[in-house]
Amino acid sequence: MRRVYLTNEHRAVNALAATWMREAGMTTWQDAAGNQCGRLEGAVPGLPALVLGSHLDTVPSAGRYDGILGVLTAIAVVDRIHAAGIPLPFALEVVAFGDEEGTRFGRALLGSRALAGTFDPDWLDLTDENGVTLRDAYTTFGLDPQHLAAAARAPESLVGYLEAHIEQGPYLEEADRPLGIVSTIAGARRFAITVNGHAGHSGTPSTGERMHWPAPAKSSP
Ligand SMILES: [Zn+2]
């Protein structure tokens, strides 16, 4: 399975998720960064929203349940609330993020970065393995890269965010538990490191140039 950001597969899965969202009673839209969104009003229209969701992109050739489980779970929750006619003191929104893995452009969380308002415009120059820039990929997808900021959500329009995610480890299965609550999370950082020099066994006298350490590279994925 390969479903990465701003591709035909992304477009198709957004359309499918939007259908499921509407069937669950939500109004739907695609935001300025290609995240598929849906909303069920609370007791009165216009209330701040509790956001549920996860991501729809996959690690190439993997991740069959990674992300999509959280999106489907969120839609199922809204479907149940809607069918039961439960008036909540907040709106419910589902966000199906277009990019979490960062596997196409080497920069993770592009979808949620846009929603959080922390998208760096410099990233538009990132390229995929075919040399396509993120800027051109947005345009090809039908989005305007100059209007990404429109995807940012005002904090006062939200009451919180909750995500169900498949466990990417063995602990729940080993403990024979269906569900756990995350108490810590990995903080991933990516560096591009170039080491110049030549190989030599520890202690081997060098006759060539000395090990040379370059200045730190500009932070990049
Ligand atoms: Zn995931």
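In this predicted model, R153 and E93 form a salt bridge whose closest N and O atoms are 2.7 Å apart. R153 lies in the loop between α4 (134-141) and β5 (158-162), while E93 belongs to strand β4 (residues 91-97), so the pair ties together parts that are 60 residues apart in sequence. The two partners differ in their surroundings: R153 is partly exposed, with 23% relative accessibility, whereas E93 is buried, with a relative accessible area of 2%.

**Salt bridges**

The count of salt bridges in the model is 6. Three of them are listed here with their N to O distances.

| Pair | Closest N to O distance |
|---|---|
| R153 and E93 | 2.7 Å |
| R135 and D125 | 2.8 Å |
| E41 and R39 | 3.0 Å |

R135 and D125 meet through their side chains. R135 sits in helix α4 and D125 in the loop between α3 (110-116) and α4, so this pair ties together parts that are 10 residues apart in sequence. R135 is partly exposed, at 28% relative accessible area, and D125 is likewise partly exposed, at 49%. Through shared partners, salt bridges join R39, E41, E93 and R153 into one network. Within that network, E41 is partly exposed, with a relative accessible area of 37%, while R39 is buried, at 13%.

**The sheet**

The strands that carry some of these residues belong to an open sheet of 5 strands, in the order β1-β2-β4-β3-β5 and with mixed pairing. The edges are taken by β1 (27-30) and β5, each with a single partner strand, so one side of each is left without a neighbour in the sheet. From one strand to the next, the twist averages 20 degrees.

Strands of a sheet pair through backbone hydrogen bonds, in either the parallel or the antiparallel sense. In this sheet, β1 and β2 pair in the antiparallel sense over 4 bridges, and W29 has C37 in β2 as its bridge partner. These two strands form a hairpin with 5 residues between them. In its turn, G34 has a positive phi of about 85 degrees. Strand β2 is also joined to β4 by 5 bridges, and these strands run antiparallel; here Q36 stands opposite A96 in β4. On the next pairing, strand β3 (residues 49-55) and β4 run parallel and are joined by 7 bridges, with L52 opposite V94 in β4.

How many residues of β2 are buried? Strand β2 is mostly covered, with 5 of its 5 residues buried. In a regular strand the side chains alternate between the two faces of the sheet. In β2, Q36, G38 and L40 point one way and C37 and R39 the other, and all are buried.

**Helices against the sheet**

Two helices lie across the strands. Helix α1 (residues 8-23) lies across β1, β2 (36-40) and β4 and runs at about 5 degrees to β2. Helix α2 (residues 68-84) lies across β2, β3 and β4 and runs at about 145 degrees to β3.

Helix α4, which also holds R135 of the salt bridge described above, has L134, A137, Y138 and F141 as its buried residues. Viewed down the axis of α4, these buried residues fall within an arc of 100 degrees, so they line one face of the helix. Among the elements that cover them are α1, β1 and α3. Just after α4, G142 takes a positive phi of about 95 degrees.

**The zinc site**

Which residues coordinate the zinc ion? The donors are H55 (NE2), D66 (OD) and H165 (NE2), at 2.0 to 2.1 Å. Along the chain, the donors follow the spacing H-x10-D-x98-H. H55 lies in strand β3 and H165 in the loop between β5 and α5 (171-175), so the pair ties together parts that are 110 residues apart in sequence. H55 is buried, with a relative accessible area of 2%, whereas H165 counts as partly exposed, at 31% relative accessibility.

How values were computed
Residues are numbered from 1 along each chain as its sequence is written. This is a predicted model: local features need pLDDT of at least 70, side-chain atom pairs count only at pLDDT 80 or more; totals for chains, interfaces and linings use all residues. Side-chain values use heavy atoms; hydrogens and water are left out. A salt bridge is a side-chain nitrogen of Lys or Arg within 4 Å of a carboxyl oxygen of Asp or Glu. Buried means under 20% relative accessible area, exposed over 50%, partly exposed in between (1.4 Å probe, protein chains only). Two strands pair if DSSP finds at least two bridges between them. Axes are lines fitted to C-alpha atoms, for helices over the stretch in contact, and angles run from 0 to 180 degrees between N-to-C directions. Contact means heavy atoms within 4.5 Å. Donors are N, O and S atoms within 2.8 Å of the metal (3.2 Å for Na, K and Ca); water is not among the atoms, so sites may look incomplete. The arc is that of the directions from the helix axis to the C-beta atoms.
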